[in-house]
Amino acid sequence: YTDTALSNLFLMNNHQYIYTRSNGSELGTLLGEDWLAYHKRQTEQYILEYQKQSWGSVLQILNKEGLRISASRNRRKIRERLRKTMETFEAAFEEMYHRQSR
C-alpha cells in the first residue's frame, strides 16, 4: 500500500486474525502465551497507528484551537469562524472517506 494508514489497517487485520485463530487452540498452546501476547500487542499498536495516521488529522480540525471562540461579542465573526472550521472538517472528512473506501 502507498497509504501508510491502509498498511496499518491491513497489518492490524492480519495480526488480529492470527491471534483470534490461535488463542485457545492447540497451536496457541504450542506457541505459548508470549507469542499470543505479542500478536495482541501488535494488533493494538496497528490500530493506534491507523487511527493516528488516518482520522487523527481530520479530528484535529475540531480541537479546542479550531473551535476556539474569542472573547469578542461579535456573533457574526464567531459564526464565520465556526462555519470555516466546519467546512474544513467536512472537506477533510470527505477526502479521508474517499481514500479509505477505494
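## Helices and the overall build

A helix here is a DSSP run of type H or I with at least four residues, and helices are numbered from the N terminus. The model is a predicted one, and with that definition in hand we can take a first look around. The protein has six helices and zero strands. Following the chain from the N terminus, the elements run α-α-α-α-α-α.

What radius of gyration does the protein have, and what would a compact globule of 102 residues have? The protein has 21 Å, whereas a compact globule of that length would be near 13 Å. Along the principal axes, the C-alpha atoms fill a box of roughly 70 × 30 × 15 Å.

## Surface and contacts

How much of the chain is buried? Of the 102 residues in the protein, 25% are buried. The exposed area comes to about 8000 Å², and carbon and sulfur atoms supply 55% of it. As for contacts with a separation of 6 or more, 64% of them are between residues 24 or more positions apart.

## An aromatic cluster

Let us now turn to the aromatic rings. The count of aromatic pairs comes to two. In one of these pairs, Trp 55 and Phe 93 have ring centres 5.4 Å apart and planes at 45°, so the pair is tilted. The reasoning rests on two cut-offs: planes under 30 degrees apart would count as stacked, and over 60 as edge-to-face. Trp 55 belongs to helix H4 (residues 55-60) and Phe 93 to helix H6 (residues 75-100), so this pair ties together parts of the chain that are 38 residues apart in sequence.

Are these two residues buried or partly exposed? Trp 55 is partly exposed, with 22% relative accessible area, and Phe 93 is partly exposed too, at 35%. Phe 93 also pairs with Phe 89: the ring centres are 6.0 Å apart, with 35° between the planes, which makes this a tilted pair. Phe 89 and Phe 93 are four residues apart in helix H6, so about one helical turn separates them. Phe 89 has a relative accessibility of 17%, and it counts as buried because the cut-off for that class is under 20%. Put together, Trp 55, Phe 89 and Phe 93 form one aromatic cluster.

## A salt-bridge network in helix H6

Helix H6 also carries charged residues worth a visit. Across the whole structure, a search finds six salt bridges. One of them joins Glu 80 to Arg 83, with the closest N and O atoms 2.4 Å apart. Both residues lie in helix H6, three residues apart, or about one turn of the helix. Glu 80 also meets Lys 84 in a salt bridge, at 3.9 Å from N to O. Here the two partners are four residues apart in helix H6, again about one turn.

Arg 83, in turn, forms a salt bridge with Glu 87, and the closest N and O atoms are 2.3 Å apart. Arg 83 and Glu 87 both sit in helix H6, with four residues, about one turn of the helix, between their positions. Which residues does the resulting network of salt bridges link? Its members are Glu 80, Arg 83, Lys 84 and Glu 87.

How accessible are these charged residues? Glu 80 counts as partly exposed at 30% relative accessibility. Arg 83 is partly exposed at 38%, Lys 84 is partly exposed at 48%, and Glu 87 is partly exposed at 41%.

## A nonpolar patch with helix H2

The last stop is a nonpolar patch on the surface. Which residues make it? Leu 27, Leu 30 and Leu 31 do, and the patch covers about 300 Å². Leu 27 is found in helix H2, which spans residues 26-31. With a relative accessible area of 44%, Leu 27 is partly exposed. That value fits a place in the patch, because patches are made of residues with over 30% relative accessible area.

Key
Residues numbered from 1 in each chain as written. Predicted model: local features only at pLDDT ≥ 70, side-chain atom pairs only at ≥ 80, totals over all residues. Heavy atoms only, no water. Phe/Tyr/Trp six-rings, centres within 6.5 Å; stacked < 30°, edge-to-face > 60°. Helix = DSSP H or I, 4+ residues; strand = E, 2+ residues; numbered from the N terminus. Buried < 20%, exposed > 50% of the residue type's maximum accessible area, 1.4 Å probe, protein only. Patch = residues over 30% accessible without salt bridge, like charges linked within 9 Å, V, L, I, M, F, W, Y side chains within 5 Å. Areas by Shrake-Rupley, 256 points an atom, 1.4 Å probe, with all protein chains shown as cover. Salt bridge = Lys/Arg side-chain N within 4 Å of Asp/Glu carboxyl O. Rg over C-alpha atoms; globule rule 2.2 N^0.38 Å. Contact = heavy atoms within 4.5 Å.
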